[in-house]
Each structure stands twice: as C-alpha cells, then as structure tokens.
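Got your viewer open and a selection box ready? Let's take a short walk, one selection at a time.

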Amino acid sequence: MHENEVLHYQQDLTNLKLIRWNELPNFGVYSDQVLTIIESQLSFLSSDDQERIITPAMINNYVKLGLIERPIKKKYYQLHIAKLIVITLLKQVLPLTDVQKGMSLQISVKGKKVAYDSFCDELEQSFHNLFSCLGKEIDFSFTINQIRNENIALKMVTLSLASKLLTQKIIEFNGLNQSNTERIYVEEKGAVSFEK
C-alpha cells in the first residue's frame, strides 16, 4: 500500500463528519436515493469500490426483521435513513438483534433526533481518538473522557467499531510501523525505487 493511501484513510476518519438528523431529507425519498446517501456517508467501510455497503435486499431484510419501519408508499424518511446508517455501521461489530435493542433503548431514553445525533458525535470522537494518533512518534494512547452511565454502551460500541476498522486497515496495509509508513513507492518507466 502506498503511504498516501494510508494517510488519506487516516485523515478521512480522523476528520469524519456524518450527516446529522436535520441534514437528512425531511421528505420521502425512494430506495435508490437512500442507497446513494448511505453509500456516500459510509464509503470508508468499503475497501473495494465494487463492494456494496448496502443493497435493496438488505433494506428489505431489515424491514422484515423489524429493525426499521416499512416505507410509506415506497418512500423512506429521516428515521428510516438514520436507522439504516446506524445499522450499517453497528452490524460491523454487533449482531443485528443487539443493534435493534440498542437503537430502541437510545430512542426511548433520548428521542430519535438526539439519539441519532449522539451516536454520530460519539463515533466521530472515537475515530478522532484512534486515527489521529497514527504515525506519531509517541506512545499510542488516549483517554476516554466523560463516560456517564447513560452513554457508556454508546461510547464502547463506537470505540469497538473504530478499533475494528483500524485493525482491518493495519492488516490491509501490511502494518503501520515506522518503516511501512515512511516508504513512498515511486514508479517511473517500470523502475521502482524506495525513498524515505
């Protein structure tokens, strides 16, 4: 892997900004528009451009399983889209039954808008904490701040997701040690050279 690919991924997740509740369409949209929104927001989940993050079949299954409500006249609204974003992210680290229970709990405690925006805040903070430390010549550590009983599960699941993605990228990039991240592969006229 090229150093600039590692740095690009690191910067993307360190500075991740997910769409918030008030930025979601407040009118009904069709499934192809929902797919476009989710694919653009969560492109960092796919290491392969051919791999789909979400498909119409997945959405139909989530409806059948009761994870999201049925579309209204084939249209999806803010709550549908917010839940689909959360499901797509959290199914990376939790079984769907736990994702459903967690979403229901958060919505019952905070309401749908605050629950979704809080999830986005926590995920962005988790990504920032983990990915901003990569490549620095200091010990890799950070402190988890502001853990309260009502948000401990949310903080832990977002850290789990960030940790899983970081682990996958370390494996994909064949490690993130000093020697790998400092190499730049330069290809000129078929010759490959390595530079510090």
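Start with the helix pair, and look at how one passes the other: α6 goes by α7 in a right-handed crossing. Keep in mind along the way that this is a predicted model. To get both helices on screen, select residues 112-131 for α6 and residues 152-172 for α7. Their axes come within 8 Å and cross at roughly 45 degrees. That angle makes α6 oblique to α7, because anything between 35 and 65 degrees falls outside both the roughly parallel and the roughly perpendicular ranges.

Now show side chains at the contact. On the α6 side, pick S118, F119, E122, L123, S126, F127, L130 and F131. Their partners on α7 are L154, K155, T158, L159, L161, A162, S163, L165 and L166. Try colouring this set by residue class: the contact has 11 nonpolar residues, plus four polar and two charged ones.

Leave F127 of α6 selected, since it is also part of the next stop. How many aromatic pairs does a search of the whole structure find? It turns up two. One of them joins F44 and F127, so add F44 to your selection. Put a distance on the ring centres and you should get 5.6 Å, with 85 degrees between the planes. The pair is edge-to-face, because planes over 60 degrees apart count that way.

Zoom out a little to see what this pair links. F44 sits in the loop between α2 (31-41) and α3, while F127 belongs to helix α6, so the pair ties together parts that are 83 residues apart in sequence. Are these two rings buried or exposed? F127 is buried, with a relative accessible area of 0%. F44 is buried too, at 10%; the cut-off for that label is under 20%.

Last stop: the loop between α3 (56-64) and α4 (78-90), where you should select K73. K74 is in that loop as well, so grab it too. Check the backbone torsions here. Phi of K73 is near 50 degrees, a positive value in a residue other than glycine. K74 also has a positive phi, about 65 degrees, and it is not a glycine either.

Switch on a surface to finish. K73 counts as exposed because its relative accessibility is 76%. K74 is exposed as well, with a relative accessible area of 66%. For both lysines, the label calls for over 50%.

Conventions:
Residues are numbered from 1 along each chain as its sequence is written. This is a predicted model: local features need pLDDT of at least 70, side-chain atom pairs count only at pLDDT 80 or more; totals for chains, interfaces and linings use all residues. Side-chain values use heavy atoms; hydrogens and water are left out. Axes are lines fitted to C-alpha atoms, for helices over the stretch in contact, and angles run from 0 to 180 degrees between N-to-C directions. Helices (H or I, at least four residues) and strands (E, at least two) are DSSP runs, numbered from the N terminus. Angles under 35 degrees count as roughly parallel, over 145 as roughly antiparallel, 65 to 115 as roughly perpendicular and the rest as oblique. A crossing is left-handed if the near helix is turned anticlockwise from the far one by less than a right angle, and right-handed if clockwise. Contact means heavy atoms within 4.5 Å. Ala, Val, Leu, Ile, Met, Phe, Trp, Tyr, Cys and Pro count as nonpolar, Asp, Glu, Lys and Arg as charged, and the others, Gly among them, as polar. Buried means under 20% relative accessible area, exposed over 50%, partly exposed in between (1.4 Å probe, protein chains only). Rings of Phe, Tyr and Trp (its six-membered ring) pair if their centres lie within 6.5 Å; planes under 30 degrees apart count as stacked, over 60 as edge-to-face and the rest as tilted.
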